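Visitor: Please choose one part of this model and take me through it closely, following its links to the rest of the chain. I should like each technical term to come with its cut-offs.

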Amino acid sequence: TVLNTVRVQSICRVMAKVLSSIFLLCIIIQFALLCLIVPFVEKCLNIKCWMKTNSTKDLNNILKSYSVRSCFSRSPRTFFDNSLCSKTTEKVARYCHAELPPMESGDGMNPTAREICSNVHIHPSGVKIPVYLTGKADCASSMDKTAWMQPVKVVDICCIRFGGLILGCKYGTPSWCKC
């Protein structure tokens, strides 16, 4: 029986070493998979851009809005990095300008300009609307004025009503577009 006890203890020690080796191998495999998969994981944050009638950093006097996504590849070192909001905030002006809808049309029927004109009161002689562009990352507070893109005047839109038809055009393009 003493011999059997020694054999059982020896077998238990060997099995414990085998199990700990298997456990260690599982951890190594999981880490290797994480290193292979994580670099391909992207984290995307939303940027909201506003076309407005004034240069304030707020949600007043909005003519049109649109959204843009900013994505980052995540490495194992930065997987849990929480500074992506500030990195996205740095991209707001570039992304909002890049995705700014075109407003030039030779016939006064530009869809973006007409949409802007449908949101304002139009005098019988027409009205000239200054359009400013601003924006911010959705992850940033609306109250944090430093998170907002500095508003920039991008265009003047002429809004003209002919009966029930609303025309919108970039001031001076075409040449008849004056208001």
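Guide: A residue counts as buried under 20% relative accessible area, as exposed over 50%, and as partly exposed in between, with a 1.4 Å probe and protein chains only. By that measure Cys158 is buried, at a relative accessible area of 0%, and its neighbourhood in strand S4 is the part I propose to examine. The model is a predicted one, in which local features need pLDDT of at least 70, side-chain atom pairs count only at pLDDT 80 or more, and totals for chains, interfaces and linings use all residues. Residues are numbered from 1 along each chain as its sequence is written, and side-chain values use heavy atoms, with hydrogens and water left out.

Confidence comes before detail. The mean pLDDT (the predictor's confidence in each residue, from 0 to 100) is 80 for the protein, and 74% of the residues reach 70 or more. Helix H1 (residues 2-37) has the lowest confidence, at a mean of 65, while strand S3 (residues 127-137) has the highest, at 95. Such elements are DSSP runs numbered from the N terminus: helices are H or I with at least four residues, and strands are E with at least two.

Strand S4 spans residues 152-162, and two of its cysteines take part in disulfides. A disulfide is a covalent bond between the sulfur atoms of two cysteines; here the criterion is a pair of cysteine sulfur atoms within 2.5 Å. Five of them are present in the structure. In one of these, Cys158 is bonded to Cys179, with the sulfur atoms 2.2 Å apart. This link is left-handed, with -80° about the S-S bond. It connects distant parts of the chain, since Cys158 belongs to strand S4 and Cys179 to the segment after strand S5 (165-170), 21 residues apart. Whereas Cys158 is buried at 0%, Cys179 is partly exposed, with a relative accessible area of 32%.

Cys159 is joined to Cys117, at 2.0 Å from S to S. The link of Cys117 and Cys159 is also described as left-handed, with -85° about the S-S bond. Because Cys117 lies in helix H3 (residues 111-117) and Cys159 in strand S4, this pair ties together parts that are 42 residues apart in sequence. Cys117 is buried, with a relative accessible area of 1%, and Cys159 is buried as well, at 0%.

Cys159 leads from the disulfides into the nonpolar core, a set of buried Ala, Val, Leu, Ile, Met, Phe, Trp, Tyr and Cys residues joined through side-chain atoms within 4.5 Å. The largest such core has 25 residues, and those with the most contacts inside it are Cys96, Ile129, Val131, Ile157 and Cys159. Two or more residues come from each of S1, S2, helix H2 (84-98), H3, S3 and S4. Strand S3 makes the largest contribution, with five residues.

Charged side chains offer another set of contacts. A salt bridge is a side-chain nitrogen of Lys or Arg within 4 Å of a carboxyl oxygen of Asp or Glu, and the structure has three. One of them pairs Asp156 with Lys153, their closest N and O atoms lying 3.1 Å apart. Asp156 is buried, at a relative accessible area of 18%, but Lys153 is partly exposed at 43%.

Helix H3, reached above through Cys117, has a salt bridge as well: the side chains of Glu115 and Lys64 meet at 3.0 Å, N to O. That pair again spans distant parts of the chain, with Glu115 in helix H3 and Lys64 in strand S2, 51 residues apart. Glu115 is partly exposed at 34%, whereas Lys64 is buried at 16%.

Phe162, also in strand S4, brings us to the surface. Together with Met109 and Leu165 it forms a nonpolar patch with about 270 Å² of accessible area in total. Patches are made of residues with over 30% relative accessible area and no salt bridge, like charges being joined within 9 Å and nonpolar side chains (Val, Leu, Ile, Met, Phe, Trp, Tyr) within 5 Å. Accessible areas come from the Shrake-Rupley method with a 1.4 Å probe, and for residues only the protein chains shown count as cover.
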